[in-house]
Amino acid sequence: MAKISVIGAGNVGATTVQRLAEMEFGSIVLVDIVEGLPQGKALDLMQAGAIVGYDTKIKGSNDYADIVDSDIVIITAGAARKPGMSRADLININTKIMKDVCEKIKQYAPKSIVIAVTNPLDIMTYVALEITGFEPNRVFGMSGILDTGRFASFIADELAYSKRDVEAMVIGGHGDQMLPLPQHSSVFGTPLPELLGEDVIAGLVERTIHGGAEIVALLKQGSAFYAPSAAIVQMVESILRDEKRILPVSAYLQGEYGQKGIYFGVPAKIGCDGIEGIIELELTEEQEHALKESSASIRENIEDLDI
Ligand SMILES: NC(=O)C1=CN([C@@H]2O[C@H](COP(=O)(O)OP(=O)(O)OC[C@H]3O[C@@H](n4cnc5c(N)ncnc54)[C@H](O)[C@@H]3O)[C@@H](O)[C@H]2O)C=CC1
Ligand SMILES: O=C([O-])CC(=O)C(=O)O
(Lines give C-alpha, C1' and ligand atoms only; values in the text may rest on other atoms or scores of the structure.)
(Ligands and ions follow the chains in the order given, each with its own letter.)
Protein backbone atom coordinates (compact mmCIF):
# COMPACT_ATOMS: atom_id res chain seq x y z
CA MET A 1 0.00 0.00 0.00
CA ALA A 2 1.29 3.43 -0.88
CA LYS A 3 1.89 6.17 1.66
CA ILE A 4 1.05 9.69 0.55
CA SER A 5 1.79 12.81 2.57
CA VAL A 6 0.14 16.15 1.97
CA ILE A 7 1.84 19.19 3.46
CA GLY A 8 -0.55 22.06 4.16
CA ALA A 9 -4.05 21.39 5.44
CA GLY A 10 -5.67 24.42 3.83
CA ASN A 11 -8.09 24.50 0.92
CA VAL A 12 -5.93 22.67 -1.63
CA GLY A 13 -4.36 20.24 0.84
CA ALA A 14 -7.55 19.14 2.57
CA THR A 15 -9.53 18.81 -0.68
CA THR A 16 -6.69 16.76 -2.14
CA VAL A 17 -6.82 14.42 0.86
CA GLN A 18 -10.57 14.06 0.43
CA ARG A 19 -10.16 13.03 -3.22
CA LEU A 20 -7.22 10.71 -2.44
CA ALA A 21 -9.13 9.05 0.40
CA GLU A 22 -12.03 8.34 -1.92
CA MET A 23 -9.65 6.73 -4.42
CA GLU A 24 -8.23 4.39 -1.73
CA PHE A 25 -4.64 4.60 -3.03
CA GLY A 26 -3.12 3.95 0.42
CA SER A 27 -2.58 5.66 3.75
CA ILE A 28 -2.42 9.45 3.97
CA VAL A 29 -0.64 11.85 6.33
CA LEU A 30 -1.79 15.48 6.44
CA VAL A 31 0.69 17.93 7.98
CA ASP A 32 0.28 21.60 8.89
CA ILE A 33 1.96 23.99 11.30
CA VAL A 34 -1.37 25.07 12.81
CA GLU A 35 -2.06 22.93 15.85
CA GLY A 36 -5.24 20.88 15.63
CA LEU A 37 -6.03 21.82 12.02
CA PRO A 38 -4.67 18.70 10.27
CA GLN A 39 -5.85 16.47 13.13
CA GLY A 40 -9.40 17.86 12.97
CA LYS A 41 -9.62 17.62 9.18
CA ALA A 42 -8.16 14.09 9.21
CA LEU A 43 -10.74 12.96 11.75
CA ASP A 44 -13.59 14.50 9.76
CA LEU A 45 -12.34 12.85 6.55
CA MET A 46 -11.95 9.46 8.28
CA GLN A 47 -15.54 9.66 9.51
CA ALA A 48 -16.72 10.52 5.98
CA GLY A 49 -15.35 7.11 4.97
CA ALA A 50 -18.08 5.38 6.96
CA ILE A 51 -20.70 7.23 4.91
CA VAL A 52 -19.07 7.39 1.47
CA GLY A 53 -17.57 3.91 1.83
CA TYR A 54 -13.78 4.02 2.05
CA ASP A 55 -11.33 2.62 4.60
CA THR A 56 -8.41 4.96 3.88
CA LYS A 57 -6.32 5.70 6.98
CA ILE A 58 -5.68 9.43 7.37
CA LYS A 59 -3.44 10.87 10.05
CA GLY A 60 -3.33 14.58 10.83
CA SER A 61 -0.09 15.82 12.36
CA ASN A 62 2.12 18.79 13.22
CA ASP A 63 5.17 16.51 13.29
CA TYR A 64 7.10 15.90 10.08
CA ALA A 65 8.40 12.62 11.48
CA ASP A 66 5.00 11.22 10.51
CA ILE A 67 5.78 11.57 6.79
CA VAL A 68 8.59 9.04 7.17
CA ASP A 69 9.04 6.77 4.15
CA SER A 70 6.26 8.38 2.10
CA ASP A 71 6.11 7.33 -1.54
CA ILE A 72 4.71 10.69 -2.62
CA VAL A 73 4.80 14.05 -0.85
CA ILE A 74 2.50 16.81 -2.10
CA ILE A 75 3.42 20.36 -1.02
CA THR A 76 0.47 22.73 -0.69
CA ALA A 77 1.87 24.69 2.28
CA GLY A 78 2.08 28.42 1.78
CA ALA A 79 0.18 31.62 1.27
CA ALA A 80 -2.43 32.00 -1.46
CA ARG A 81 -2.81 35.28 -3.32
CA LYS A 82 -5.48 37.90 -2.73
CA PRO A 83 -7.31 39.95 -5.39
CA GLY A 84 -4.92 42.27 -7.24
CA MET A 85 -1.85 40.15 -6.47
CA SER A 86 0.14 38.13 -8.99
CA ARG A 87 1.42 34.67 -8.10
CA ALA A 88 4.95 36.10 -8.21
CA ASP A 89 4.06 38.41 -5.31
CA LEU A 90 4.15 35.26 -3.13
CA ILE A 91 7.83 34.48 -3.84
CA ASN A 92 9.38 35.77 -0.62
CA ILE A 93 6.87 34.40 1.84
CA ASN A 94 6.53 31.02 0.14
CA THR A 95 10.26 30.48 -0.50
CA LYS A 96 10.81 30.46 3.28
CA ILE A 97 8.00 27.94 3.75
CA MET A 98 9.20 25.73 0.88
CA LYS A 99 12.74 25.68 2.29
CA ASP A 100 11.47 24.55 5.67
CA VAL A 101 9.13 21.91 4.22
CA CYS A 102 11.72 20.54 1.78
CA GLU A 103 14.42 20.17 4.47
CA LYS A 104 11.95 17.93 6.30
CA ILE A 105 11.09 15.93 3.18
CA LYS A 106 14.80 15.36 2.56
CA GLN A 107 15.20 14.17 6.15
CA TYR A 108 12.14 11.93 6.49
CA ALA A 109 11.12 10.87 2.99
CA PRO A 110 14.35 10.78 0.97
CA LYS A 111 12.99 8.32 -1.55
CA SER A 112 9.71 10.09 -2.23
CA ILE A 113 8.38 11.67 -5.39
CA VAL A 114 7.62 15.32 -4.65
CA ILE A 115 4.72 17.17 -6.26
CA ALA A 116 4.94 20.91 -5.62
CA VAL A 117 1.76 22.97 -5.74
CA THR A 118 2.68 26.14 -3.82
CA ASN A 119 2.86 29.33 -5.92
CA PRO A 120 4.57 30.79 -7.81
CA LEU A 121 4.62 27.20 -9.01
CA ASP A 122 7.58 26.97 -11.38
CA ILE A 123 9.81 28.89 -8.97
CA MET A 124 8.74 26.95 -5.87
CA THR A 125 9.31 23.64 -7.69
CA TYR A 126 12.85 24.81 -8.40
CA VAL A 127 13.29 25.56 -4.68
CA ALA A 128 12.08 22.02 -3.93
CA LEU A 129 14.68 20.57 -6.32
CA GLU A 130 17.50 22.63 -4.82
CA ILE A 131 16.65 21.96 -1.19
CA THR A 132 15.84 18.24 -1.44
CA GLY A 133 18.70 17.54 -3.84
CA PHE A 134 16.51 14.79 -5.38
CA GLU A 135 16.83 13.82 -9.03
CA PRO A 136 14.68 16.08 -11.27
CA ASN A 137 12.51 13.16 -12.43
CA ARG A 138 11.04 12.93 -8.94
CA VAL A 139 10.48 16.63 -8.28
CA PHE A 140 7.84 18.31 -10.41
CA GLY A 141 4.94 20.70 -10.16
CA MET A 142 1.20 20.74 -10.71
CA SER A 143 0.08 23.46 -13.11
CA GLY A 144 -0.59 22.35 -16.67
CA ILE A 145 -3.39 19.90 -15.90
CA LEU A 146 -5.23 22.73 -14.17
CA ASP A 147 -4.60 25.28 -16.94
CA THR A 148 -5.45 22.71 -19.60
CA GLY A 149 -8.60 21.74 -17.68
CA ARG A 150 -9.72 25.36 -17.66
CA PHE A 151 -9.08 25.74 -21.39
CA ALA A 152 -10.95 22.48 -22.09
CA SER A 153 -13.85 23.57 -19.93
CA PHE A 154 -14.17 26.91 -21.77
CA ILE A 155 -13.93 25.19 -25.18
CA ALA A 156 -16.60 22.66 -24.24
CA ASP A 157 -18.94 25.40 -23.00
CA GLU A 158 -18.39 27.47 -26.15
CA LEU A 159 -19.12 24.57 -28.50
CA ALA A 160 -21.75 22.88 -26.30
CA TYR A 161 -19.86 19.57 -26.28
CA SER A 162 -19.03 17.35 -23.35
CA LYS A 163 -15.80 18.27 -21.54
CA ARG A 164 -14.83 14.62 -21.88
CA ASP A 165 -14.50 14.95 -25.66
CA VAL A 166 -12.23 17.99 -25.54
CA GLU A 167 -8.43 17.60 -25.59
CA ALA A 168 -6.72 20.85 -24.71
CA MET A 169 -3.08 21.78 -24.24
CA VAL A 170 -1.45 24.59 -22.29
CA ILE A 171 2.31 24.83 -21.80
CA GLY A 172 4.65 27.41 -20.25
CA GLY A 173 4.94 29.02 -16.87
CA HIS A 174 1.97 28.94 -14.50
CA GLY A 175 1.37 32.66 -14.73
CA ASP A 176 0.22 35.35 -17.12
CA GLN A 177 2.71 34.12 -19.72
CA MET A 178 1.31 30.61 -20.01
CA LEU A 179 0.71 29.39 -23.55
CA PRO A 180 -2.62 27.78 -24.46
CA LEU A 181 -2.02 26.00 -27.79
CA PRO A 182 -5.15 26.01 -30.01
CA GLN A 183 -3.53 23.90 -32.76
CA HIS A 184 -2.82 21.16 -30.21
CA SER A 185 -6.34 21.38 -28.78
CA SER A 186 -9.18 19.50 -30.40
CA VAL A 187 -12.66 18.08 -30.10
CA PHE A 188 -12.74 14.42 -30.97
CA GLY A 189 -9.73 14.82 -33.27
CA THR A 190 -10.72 18.06 -34.99
CA PRO A 191 -8.25 20.88 -34.19
CA LEU A 192 -9.74 23.93 -32.51
CA PRO A 193 -8.90 26.36 -35.36
CA GLU A 194 -11.22 24.31 -37.61
CA LEU A 195 -14.08 24.65 -35.14
CA LEU A 196 -13.95 28.24 -33.94
CA GLY A 197 -12.99 31.63 -35.35
CA GLU A 198 -9.75 33.37 -34.41
CA ASP A 199 -11.47 35.99 -32.25
CA VAL A 200 -13.43 33.42 -30.26
CA ILE A 201 -10.31 31.32 -29.71
CA ALA A 202 -8.39 34.44 -28.62
CA GLY A 203 -11.13 35.12 -26.03
CA LEU A 204 -10.93 31.57 -24.65
CA VAL A 205 -7.12 31.76 -24.53
CA GLU A 206 -7.28 35.04 -22.63
CA ARG A 207 -9.81 33.68 -20.13
CA THR A 208 -7.62 30.60 -19.58
CA ILE A 209 -4.53 32.70 -18.91
CA HIS A 210 -6.43 34.66 -16.27
CA GLY A 211 -8.45 31.66 -15.04
CA GLY A 212 -6.83 31.63 -11.61
CA ALA A 213 -7.22 35.40 -11.13
CA GLU A 214 -10.90 35.20 -12.16
CA ILE A 215 -11.53 32.85 -9.24
CA VAL A 216 -9.37 34.86 -6.81
CA ALA A 217 -11.39 37.99 -7.68
CA LEU A 218 -14.66 36.16 -7.04
CA LEU A 219 -13.63 34.43 -3.81
CA LYS A 220 -11.98 37.61 -2.44
CA GLN A 221 -9.98 35.47 -0.01
CA GLY A 222 -8.02 32.50 -1.21
CA SER A 223 -7.81 30.87 -4.60
CA ALA A 224 -9.10 27.86 -6.51
CA PHE A 225 -8.93 24.41 -4.95
CA TYR A 226 -11.50 22.03 -6.47
CA ALA A 227 -9.89 21.86 -9.92
CA PRO A 228 -6.33 22.08 -8.49
CA SER A 229 -6.94 19.10 -6.18
CA ALA A 230 -8.44 17.11 -9.06
CA ALA A 231 -5.29 17.84 -11.09
CA ILE A 232 -3.02 16.67 -8.25
CA VAL A 233 -4.92 13.40 -7.94
CA GLN A 234 -4.58 12.73 -11.68
CA MET A 235 -0.80 13.01 -11.27
CA VAL A 236 -0.79 10.74 -8.21
CA GLU A 237 -2.87 8.15 -10.02
CA SER A 238 -0.52 8.07 -13.01
CA ILE A 239 2.46 7.57 -10.65
CA LEU A 240 0.97 4.94 -8.36
CA ARG A 241 -0.66 2.93 -11.13
CA ASP A 242 2.36 3.44 -13.39
CA GLU A 243 -0.08 4.57 -16.07
CA LYS A 244 2.56 6.44 -18.08
CA ARG A 245 -0.01 9.04 -19.05
CA ILE A 246 1.11 12.14 -20.88
CA LEU A 247 0.13 15.00 -18.61
CA PRO A 248 1.15 18.65 -18.70
CA VAL A 249 3.24 19.31 -15.58
CA SER A 250 5.98 21.68 -14.52
CA ALA A 251 9.14 19.70 -15.34
CA TYR A 252 12.83 20.47 -15.07
CA LEU A 253 14.07 21.15 -18.58
CA GLN A 254 17.49 19.96 -19.66
CA GLY A 255 17.57 21.13 -23.25
CA GLU A 256 13.96 20.42 -24.23
CA TYR A 257 12.19 23.39 -25.85
CA GLY A 258 15.65 25.02 -26.04
CA GLN A 259 15.69 25.58 -22.26
CA LYS A 260 17.98 24.36 -19.51
CA GLY A 261 17.87 24.57 -15.72
CA ILE A 262 14.33 25.87 -15.22
CA TYR A 263 10.94 24.38 -14.41
CA PHE A 264 8.42 24.90 -17.18
CA GLY A 265 4.98 23.53 -18.02
CA VAL A 266 5.32 20.82 -20.68
CA PRO A 267 3.60 17.54 -21.51
CA ALA A 268 5.45 14.70 -19.77
CA LYS A 269 5.11 10.95 -19.38
CA ILE A 270 4.25 10.26 -15.75
CA GLY A 271 4.81 6.80 -14.27
CA CYS A 272 6.22 5.03 -11.21
CA ASP A 273 9.58 6.81 -11.66
CA GLY A 274 7.93 10.21 -11.82
CA ILE A 275 8.79 12.04 -15.04
CA GLU A 276 9.79 9.39 -17.56
CA GLY A 277 10.01 11.58 -20.65
CA ILE A 278 9.16 15.01 -21.99
CA ILE A 279 7.15 15.52 -25.15
CA GLU A 280 8.23 18.35 -27.45
CA LEU A 281 5.35 19.88 -29.38
CA GLU A 282 5.68 21.80 -32.59
CA LEU A 283 5.03 25.50 -32.06
CA THR A 284 4.30 28.43 -34.34
CA GLU A 285 6.91 31.19 -34.60
CA GLU A 286 4.77 33.43 -32.44
CA GLN A 287 4.46 30.70 -29.81
CA GLU A 288 8.23 30.09 -29.89
CA HIS A 289 8.72 33.77 -29.18
CA ALA A 290 6.17 33.74 -26.33
CA LEU A 291 7.84 30.61 -24.91
CA LYS A 292 11.17 32.43 -24.75
CA GLU A 293 9.54 35.34 -22.90
CA SER A 294 7.79 33.04 -20.44
CA SER A 295 10.98 31.08 -19.73
CA ALA A 296 13.05 34.27 -19.40
CA SER A 297 10.76 35.58 -16.70
CA ILE A 298 11.00 32.28 -14.77
CA ARG A 299 14.79 32.33 -15.11
CA GLU A 300 14.92 35.90 -13.76
CA ASN A 301 12.91 34.92 -10.70
CA ILE A 302 15.15 31.89 -10.10
CA GLU A 303 18.26 34.04 -10.31
CA ASP A 304 16.81 36.38 -7.67
CA LEU A 305 15.97 33.56 -5.25
CA ASP A 306 17.41 33.74 -1.76
CA ILE A 307 18.11 30.04 -1.09
N1 LIG B 1 -0.04 25.15 -8.68
C2 LIG B 1 -1.29 25.51 -8.79
O3 LIG B 1 -1.88 25.40 -9.86
C4 LIG B 1 -2.02 26.04 -7.60
C5 LIG B 1 -1.31 26.51 -6.54
N6 LIG B 1 -1.96 26.99 -5.43
C7 LIG B 1 -1.11 27.43 -4.32
O8 LIG B 1 -1.15 26.45 -3.28
C9 LIG B 1 -0.88 27.08 -2.02
C10 LIG B 1 -1.94 26.67 -1.01
O11 LIG B 1 -3.21 27.17 -1.38
P12 LIG B 1 -4.46 26.99 -0.41
O13 LIG B 1 -4.52 25.60 0.09
O14 LIG B 1 -5.64 27.56 -1.08
O15 LIG B 1 -4.03 27.95 0.80
P16 LIG B 1 -4.54 27.90 2.31
O17 LIG B 1 -4.19 29.20 2.92
O18 LIG B 1 -5.95 27.44 2.36
O19 LIG B 1 -3.64 26.75 2.98
C20 LIG B 1 -2.27 26.85 3.13
C21 LIG B 1 -1.88 26.06 4.37
O22 LIG B 1 -0.45 25.99 4.48
C23 LIG B 1 -0.14 25.95 5.85
N24 LIG B 1 1.27 26.21 6.09
C25 LIG B 1 1.94 27.39 6.05
N26 LIG B 1 3.23 27.20 6.34
C27 LIG B 1 3.41 25.88 6.56
C28 LIG B 1 4.53 25.05 6.90
N29 LIG B 1 5.74 25.58 7.07
N30 LIG B 1 4.32 23.73 7.06
C31 LIG B 1 3.10 23.20 6.89
N32 LIG B 1 2.01 23.93 6.58
C33 LIG B 1 2.17 25.25 6.43
C34 LIG B 1 -1.09 26.98 6.45
O35 LIG B 1 -1.21 26.83 7.86
C36 LIG B 1 -2.38 26.68 5.70
O37 LIG B 1 -3.19 25.75 6.40
C38 LIG B 1 -0.82 28.58 -2.33
O39 LIG B 1 0.52 29.00 -2.48
C40 LIG B 1 -1.55 28.71 -3.66
O41 LIG B 1 -1.18 29.84 -4.39
C42 LIG B 1 -3.31 26.98 -5.33
C43 LIG B 1 -4.08 26.52 -6.39
C44 LIG B 1 -3.50 26.05 -7.61
O1 LIG C 1 -4.66 31.69 -8.99
C2 LIG C 1 -3.99 31.31 -8.02
O3 LIG C 1 -3.32 32.06 -7.29
C4 LIG C 1 -4.02 29.85 -7.70
C5 LIG C 1 -3.61 29.14 -8.93
O6 LIG C 1 -2.44 29.01 -9.23
C7 LIG C 1 -4.66 28.83 -9.89
O8 LIG C 1 -5.84 28.70 -9.52
O9 LIG C 1 -4.32 28.71 -11.07
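A polar contact is a pair of N or O atoms within 3.5 Å; within protein, one must be able to donate a hydrogen and the other to accept it, and residues adjacent in sequence count only if both atoms are side-chain atoms. With that in hand, the two ligands of this predicted model can be described.

Residues are numbered from 1 along each chain as its sequence is written, and chains are lettered from A and ligands numbered from 1 in the order in which they are written. In this predicted model local features need pLDDT of at least 70, side-chain atom pairs count only at pLDDT 80 or more, and totals for chains, interfaces and linings use all residues, while side-chain values use heavy atoms and leave out hydrogens and water.

The table gives polar contacts of both ligands.

| Ligand | Ligand atom | Protein partner | Distance |
|---|---|---|---|
| Ligand 2 | oxygen | R81, polar side-chain atom | 2.6 Å |
| Ligand 2 | oxygen | R87, polar side-chain atom | 2.9 Å |
| Ligand 2 | oxygen | H174, N or O atom in the side chain | 2.7 Å |
| Ligand 1 | oxygen | D32, polar side-chain atom | 2.7 Å |
| Ligand 1 | oxygen | A79, polar backbone atom | 2.6 Å |
| Ligand 1 | nitrogen | M142, polar backbone atom | 2.9 Å |

Ligand 1 exposes 860 Å² when taken alone, and the protein buries 88% of that; such areas come from the Shrake-Rupley method with a 1.4 Å probe, and for residues only the protein chains shown count as cover. The shell around ligand 1 holds 29 residues, the closest being N11, V12, D32, A79 and V117; a residue counts as near if one of its heavy atoms lies within 4 Å. By class, 18 of the shell residues are nonpolar, 9 polar and 2 charged. Here Ala, Val, Leu, Ile, Met, Phe, Trp, Tyr, Cys and Pro count as nonpolar, Asp, Glu, Lys and Arg as charged, and the others, Gly among them, as polar.

Both α1 (11–23) and α3 (91–108) supply at least two residues of this shell, and α3 gives the most, with 4 residues. Helices (H or I, at least four residues) and strands (E, at least two) are DSSP runs, numbered from the N terminus. Domain 1 (2–141) and domain 2 (144–303) each provide at least three residues of the shell around ligand 1; the domain bounds come from an automatic or database domain assignment.

Around ligand 2 stand R81, R87, N119, L146, R150, H174, G212, V216, S223 and A224. They divide into 3 nonpolar, 4 polar and 3 charged residues. Ligand 2 lies between domain 1 (2–141) and domain 2 (144–303), because both give residues to its shell.

Two backbone features remain. Most residues other than glycine have a negative phi, and most peptide bonds are trans. N119, one of the residues around ligand 2, is joined to P120 by a cis peptide bond with omega of about -5 degrees. P120 is in the loop between β5 (113–116) and α4 (121–132). D69 is not a glycine, yet its phi is positive, about 60 degrees. The loop that holds D69 runs between β3 (58–61) and β4 (72–75).
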